[in-house]
Amino acid sequence: MALALRTAMRRFSTTSWRSSAAASEQIGLAAGSADHGSAKTWKIVTFIVAGPAIAFCMYNAYTGEMEHKAHHHQPEFVPYAHLRIRSKKWSN
């Protein structure tokens, strides 16, 4: 029973795949060229949407960094002896 069901599903999937491929090929042939200016559309979208979005992100990151820099102060250095262990020779 399982073998018959598997065989039927395999036959159905291959025939439906073939018929859908043939249908899409016929649609593509009937339409002529499949381009329809999609490259031009994406070029316009890139400059109109992506360009300003990248510029806004750069501005937002820069202003955030400047705000952080204005409020953040470097703590005074304290030379703790246990953090400054030198076990190797200093060589130039």
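**View 1. Helix α2 has a kink of about 30°, and T46 sits at its centre.** This is a predicted model, and α2 is one of the 2 helices in a chain with 0 strands. Despite the kink of about 30°, the 34 residues of α2 cover 48 Å from the first C-alpha to the last, which is close to the 50 Å expected at 1.5 Å a residue. How many residues of α2 are buried? The number is 0, so the helix lies largely in the open.

**View 2. A nonpolar patch sits on the surface, with an area of about 660 Å².** Six side chains are worth picking out here: W42, I44, V45, F47, I48 and V49 make the patch. Take F47 as the one to zoom in on: it belongs to helix α2, which runs over residues 38-71. Is F47 buried or exposed? Its relative accessibility is 59%, and because the cut-off for exposed is over 50%, F47 counts as exposed.

**View 3. T41 has a polar side-chain atom 3.0 Å from the backbone oxygen of G37.** T41 is another α2 residue. With a relative accessible area of 44%, T41 is partly exposed. A bit of helix geometry helps when looking at this view: an α-helix has 3.6 residues a turn, so residues three or four places apart point the same way.

**View 4. The side chain of H71 reaches back to the backbone oxygen of E67, at 2.8 Å.** H71 is part of helix α2 too. Where does H71 fall on the accessibility scale, buried or exposed? At 65% relative accessibility, H71 counts as exposed.

**View 5. Pulling back to the whole chain, buried residues make up 0% of the 92 residues.** The chain's accessible surface adds up to about 9300 Å². Carbon and sulfur atoms account for 65% of that surface. For α2, the picture is the one from the opening view: 0 of its 34 residues are buried, so the helix is largely in the open.

Technical notes. Residues numbered from 1 in each chain as written. Predicted model: local features only at pLDDT ≥ 70, side-chain atom pairs only at ≥ 80, totals over all residues. Heavy atoms only, no water. Patch = residues over 30% accessible without salt bridge, like charges linked within 9 Å, V, L, I, M, F, W, Y side chains within 5 Å. Areas by Shrake-Rupley, 256 points an atom, 1.4 Å probe, with all protein chains shown as cover. Salt bridge = Lys/Arg side-chain N within 4 Å of Asp/Glu carboxyl O. Helix = DSSP H or I, 4+ residues; strand = E, 2+ residues; numbered from the N terminus. Buried < 20%, exposed > 50% of the residue type's maximum accessible area, 1.4 Å probe, protein only. Polar contact = N/O pair within 3.5 Å; in protein donor to acceptor, adjacent residues only side chain to side chain. Expected span 1.5 Å × (residues − 1). Bend = angle between axes of the 7 residues up to and from the residue.
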